[in-house]
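Here are a few short exercises to work through with the structure open beside you. Try each task yourself before reading its solution.

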Amino acid sequence: MRTTFFSVLALGLSTLANAGFSSPKSGDQWSKGQSQTISWDSSSLSSGNCDIHLVPAGAKDTTTIITEIALGVSNSGSYSWTPSTSISAAEAEIIIVDSK
């Protein structure tokens, strides 16, 4: 059986959001197709709802999104996500922004 991983880097850009991450940590490797928990400091966002995106490593904004993990979800500080086996990026970052 072949297991595929991709590196996940937690990103909190002040121009996008100030969400501090507790999971994933920079450099974590998550298996595709296995449930993971994204955790962040919910008090750092101003909205009751947020959007969670997977972007290429080093991205400075959300103009290039690999996948929209969740849109308009409650800013609860935690979200369970199963990375799709079709994600082709070897390294990616998660960003969380206030929903518009």
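## Exercises on a predicted model

Along the sequence, this chain runs in the pattern β-β-β-β-β-β-β-β. Keep in mind that the model is predicted.

**Exercise 1.** Count the helices and strands in the chain.

*Solution.* Going through the elements gives zero helices and eight strands.

**Exercise 2.** Work out the strand order of the open sheet that holds three strands, and find which strands stand at its edges.

*Solution.* Start with the order, which is β2-β4-β7, with antiparallel pairing. Next, look at the partners: β2 (21-23) and β7 (78-81) each have a single partner strand, so they stand at the edges and one side of each has no neighbour in the sheet. From one strand to the next, the twist averages 20 degrees.

Now zoom in on one pair. β2 and β4 (residues 36-40) are joined in the antiparallel sense over two bridges. Here S23 sits opposite S39 in β4.

**Exercise 3.** Decide whether S99 is buried or exposed, then describe its surroundings.

*Solution.* First locate S99: it lies in the segment after β8 (91-98). Its relative accessibility is 19%, and because buried means under 20%, S99 counts as buried. Then check its polar partner: the S99 side chain reaches the backbone oxygen of C50 at 3.3 Å. Finally, setting aside neighbours within four places in sequence, list the contacts of S99: S47, N49, C50, D51 and G72.

**Exercise 4.** Find what share of the chain's 100 residues is buried.

*Solution.* Buried residues make up 41% of them. As for the outside, the chain exposes about 5,300 Å², and carbon and sulfur atoms supply 44% of that area.

Key. Residues numbered from 1 in each chain as written. Predicted model: local features only at pLDDT ≥ 70, side-chain atom pairs only at ≥ 80, totals over all residues. Heavy atoms only, no water. Pairing = 2+ DSSP bridges. Helix = DSSP H or I, 4+ residues; strand = E, 2+ residues; numbered from the N terminus. Axes fitted to C-alpha atoms, helices over the stretch in contact; angles between N-to-C directions. Buried < 20%, exposed > 50% of the residue type's maximum accessible area, 1.4 Å probe, protein only. Polar contact = N/O pair within 3.5 Å; in protein donor to acceptor, adjacent residues only side chain to side chain. Contact = heavy atoms within 4.5 Å. Areas by Shrake-Rupley, 256 points an atom, 1.4 Å probe, with all protein chains shown as cover.
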